[in-house]
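Hi,

Here is the structure I promised to pass on. My notes on it follow below.

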Amino acid sequence: MRVVIAPDKFKGSLSAPDVAKHLATGLQAGFGQGIEATRIPVADGGEGTIDAAIGSGFTRRTTTVTGPLGEPVKADFAVRDQEAVIEMAAASGLALLPDGPTSETAKTATSIGTGELIRAALDLGCRKIILGVGGSANTDAGAGVLQGLGAVFLDKDGNELPGGGAALADIDSIDFSNFDVRVEATEFVLASDVDNPLLGASGAPAIFGPQKGATPDDVTELDAAASHFVDVLAATTGQHAKYAAKAEGAGAAGGVGYIAIAALKAERRPGIDVVLEFTELERRLKGADLVITGEGSLDEQSLLGKTPMGVSRAAQRNGVPVIAVCGRSTLSREQLTDAGFHTVHALTDLEKDVQKCIAEAGPLLEQLGKHIGVYLAERTENKEYLNV
């Protein structure tokens, strides 16, 4: 019996590798000898993407970069041959704000550390860089990424501007003389499901700014500053920078999507597709008898291209039955069936207290894994897996 375990993280509880490990332990306890559990932690391009890369043969690298408020932080990224996977939350994430998001941090948080991570990958000889965005603290139109790669922003008096979105209101010119030229010879992939433009009512400041502490007045200020930045960048590099602000995905990660498209010439792709590609999930599904996927909350958002759906589609293409495990599920039986799941097992089936599910997710996942393992052991002969 060969089972592929390909879950996302259980946010606030367990990383994807830990989820896979606990499920594998339970499966083996329930099934006994003769089961092979292949663990493939996955993600949707946001937090957890580095773990997915490491679980697929990439090497973890650590470097010190500039955090969202200008402080030094240690950030991981992953490298395999000439390919790198960067998770911008590691350098520029909300989780790095010591006191959480505020109006002040909404205006001053920078993505410069993400640019520095890109430079670190270039230093290692990487010429393909996957940029996983999500969980960012900044609303700086991605200007910090350019700063991290050597660009200098100047005001009308020739003074260098600090980081953050609000400062962009004072930008007068951009000095690219020390910009990292290796960018031109590098392929960038923007792993993001966000399709918002940079500016306006559906832009990064308006839609995502409040999540990062921005007040209504801050949103207006940040949107105007980002618009001014676009004008100056277009005047410096060409009108393509203007068009890029309207591109789908430009509003991702506080505008890092914009700079990825406008300056790095990145190809935007759904995060789950990118992760499943570099984990080689489809190849590793060959010969599997069952796939187990899941995430912390299986809900309406899951159906919009999150990890479980991506894994389910891959399993269906390869004729492998798939089940899901989760902390809780709010989906109907019909929705689950339409999504390709034969069965869903939730931690709340074992423990009604959600807080206990979060605190004790590991042991509870092992219980679920054992239950599945026992069921599979009973049906090994006739391979009736679809009612798991």
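A word on terms before the cysteines: buried means under 20% relative accessible area, exposed over 50% and partly exposed in between, with a 1.4 Å probe and protein chains only. Cys 126 is buried, at a relative accessible area of 0%, and Cys 326 is buried at 0% as well.

This is a predicted model, so local features need pLDDT of at least 70 and side-chain atom pairs count only at pLDDT 80 or more, while totals for chains, interfaces and linings use all residues. Residues are numbered from 1 along each chain as its sequence is written, and side-chain values use heavy atoms, leaving out hydrogens and water.

The structure holds zero disulfides (pairs of cysteine sulfur atoms within 2.5 Å). For Cys 326, the closest cysteine sulfur is that of Cys 357, which at 9.8 Å is too far for a bond.

Now the sheet. Helices (H or I, at least four residues) and strands (E, at least two) are DSSP runs, numbered from the N terminus; two strands pair if DSSP finds at least two bridges between them. Six strands form an open sheet with mixed pairing, in the order 3-4-5-6-9-10. Strand 3 (59-66) and strand 10 (267-269) are its edges, each pairing on one side only.

In the parallel pair of strand 5 (residues 83-87) and strand 6 (residues 128-132), five bridges make the join. There, Ala 84 sits opposite Ile 129 of strand 6.

Enjoy looking around!
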